[in-house]
Amino acid sequence: MAVAMYPWLVLGGSMFGVLFLSYVVYHYFADPQESYVLATVAVVLSLTVSILCTLLIPVDIYVISEGSIKSESLHLTISQDLVRNAYLALFASLLFLAFIVVPHAYFYGEERGSGDFDMKADRRSCWGAFRHTSLFVAFVLFLMVVGLNFRPGHTASLDKAWVSQEEASRWVSDLFDSQHGGLNAVSFSIACLTLLGVGGWVFYTAYGMAAMPFAWLRGKQSASEQRMGLEQSIASIREKYRAIQARYPSREDGSPDLSRMKAVDRKELNRLQRDYKSMVQRNYKLQEYEEKAGMVIPRLLQFLVPFRWAIGVTMMSISLLVVVSLLLTLIDRLVHSDCGWSCGYTLKERRIYNPADEIFLYLSHVFPLDFMVMGIIVLYIWIASVFGIVCLGIRFLCFNVYQLRTRKSMPQALLVLCNVMSYILLALCMALLTIAPNYTAFGSQTVKNADGTPGRCSLDRRDSMSPCRVSVISAFFTRIARQFICVFTL
């Protein structure tokens, strides 16, 4: 029983850890004067669900590798069907949060404005947010219906839907794929969101994975050390200012008489005044940062400063591992895929060595080591994406829409952030199939070769005497790559 409960404990602990991490991130960036409960709930739930979509992958791999997880105390069995339903529930929840809850919280914040409100004002804000959210959902549904109507696999014609009620019902049934529980409709929706996530992956995640290791390796002084140096510079400026003042007589009110000064000294006084103002402003910002040092994230960063070289090298190693593994798998698909573009460059069997895939296959024999390594990589990519968004700002084309700052960010900026992160983590689910293709598809399953020696599973060996089971996430995104190549492909 203890062995069967162990994966449950790991999964439950990860869920609570992700929930706490999402709340800490919101609390770290949100302006406490502007924050409101609806934004907090929307951000925390959206970030939690998006991360859980990726952390469910090791559980999926464990089920196909070792069999169903049975818990006698909870009278529950985690089978592949249950994992499939969990994926669908998480993806459906992600769609609901991304297109209803988060937009409603955003529009509520825009209608609410700033300041204290009475009950009537709050009701007007809720009604205004509901009205704007309804228009937004109607627009998204219109785009979705248009996209579903032209998706591959949709055979019913829209022209025949106007002929009779029976033809209209048949068109709607085929549009939303009611025969398969709406799987095609959900797949198409996830494919569209994943396509948006690829843009965020290229723009934000790539920058974060490249810049964040160097930021740790380069390091910087603490706030107290910066303040000490800054106060010395301010004292030096005051001494220079007084030395120039002492050369000339002062007015009756004690201010320097600029009319009697040389042009060079007047210019130097103006420069010293500008430097003094900028340094004082910088000193105030450092004081604010020191006051926030009692928060969780600043205190954690200060604790990790002595280990910055080790952390920077580890981050650089993970970035290189991800990039090299992606590159090798993409080359393998381009060169050795039998069907090419028509099937999304699906690879029946890996032929080029992949370091990340080999590491995960080795660790998958000892659960939860693969789960822990997967969690570290997902958490690193998540932090790198947030780092990229904080450094570059939330942009639309070349326009900077929101800039994230500690304890000064509007809740609306964090709502946009959580939607961007949701799309990026969906793209990460797809990218994991490229980073570690064999691990994400078959786990540690083996099959006997013709000579009796054990071999690894592949798509070519699924019809042998010892068939291999494919993971739910691999089957789902491979299906997307096969059917919706016009929307998304890696």
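Buried residues, meaning those under 20% relative accessible area (exposed is over 50%, partly exposed lies in between, with a 1.4 Å probe and protein chains only), make up 45% of the 490 residues in the chain. The model on your screen is predicted, and local features need pLDDT of at least 70, side-chain atom pairs count only at pLDDT 80 or more, while totals for chains, interfaces and linings use all residues. Residues are numbered from 1 along each chain as its sequence is written, and side-chain values use heavy atoms, with hydrogens and water left out.

Begin with the whole chain in a cartoon view, where there are 16 helices and 6 strands; helices (H or I, at least four residues) and strands (E, at least two) are DSSP runs, numbered from the N terminus.

Next, select Val49, which is found in helix H2 (residues 37-66) and is buried, with a relative accessible area of 12%. Leaving aside neighbours within four places in sequence, Val49 is in contact with Leu90, Ser93, Leu94 and Leu97, where contact means heavy atoms within 4.5 Å. Add Val18 to the selection: Val18 and Val49 are 31 residues apart in sequence, and their C-alpha atoms are 8.9 Å apart in space.

Now move to Phe91 and Phe477, which touch the most other members of the largest nonpolar core, a set of 91 residues. Such a core consists of buried Ala, Val, Leu, Ile, Met, Phe, Trp, Tyr and Cys residues joined through side-chain atoms within 4.5 Å. The largest share of this core, 17 residues, comes from helix H14 (residues 411-435). Not counting residues up to four places away in sequence, Phe91 touches Cys53, Ile190, Leu426, Ile473, Phe476 and Phe477.

Then select helix H11 (residues 308-336), whose 29 residues should span 42 Å at 1.5 Å a residue, and whose end C-alpha atoms are 41 Å apart, which agrees; the expected span is 1.5 Å times one less than the number of residues. Among the buried residues of H11 are Ile311, Gly312, Asp332 and Arg333.

Finally, add helix H13 (residues 369-392), which packs against H11 at an angle of about 95°, with the axes 11 Å apart. Here the axes are lines fitted to C-alpha atoms, for helices over the stretch in contact, and angles run from 0 to 180 degrees between N-to-C directions. H11 is therefore roughly perpendicular to H13, a term that covers 65 to 115 degrees. To see the contact, show Met315, Ile318, Ser319 and Val322 of H11 together with Ile376, Ile377 and Tyr380 of H13.

Key
Parallel < 35°, antiparallel > 145°, perpendicular 65-115°, else oblique.
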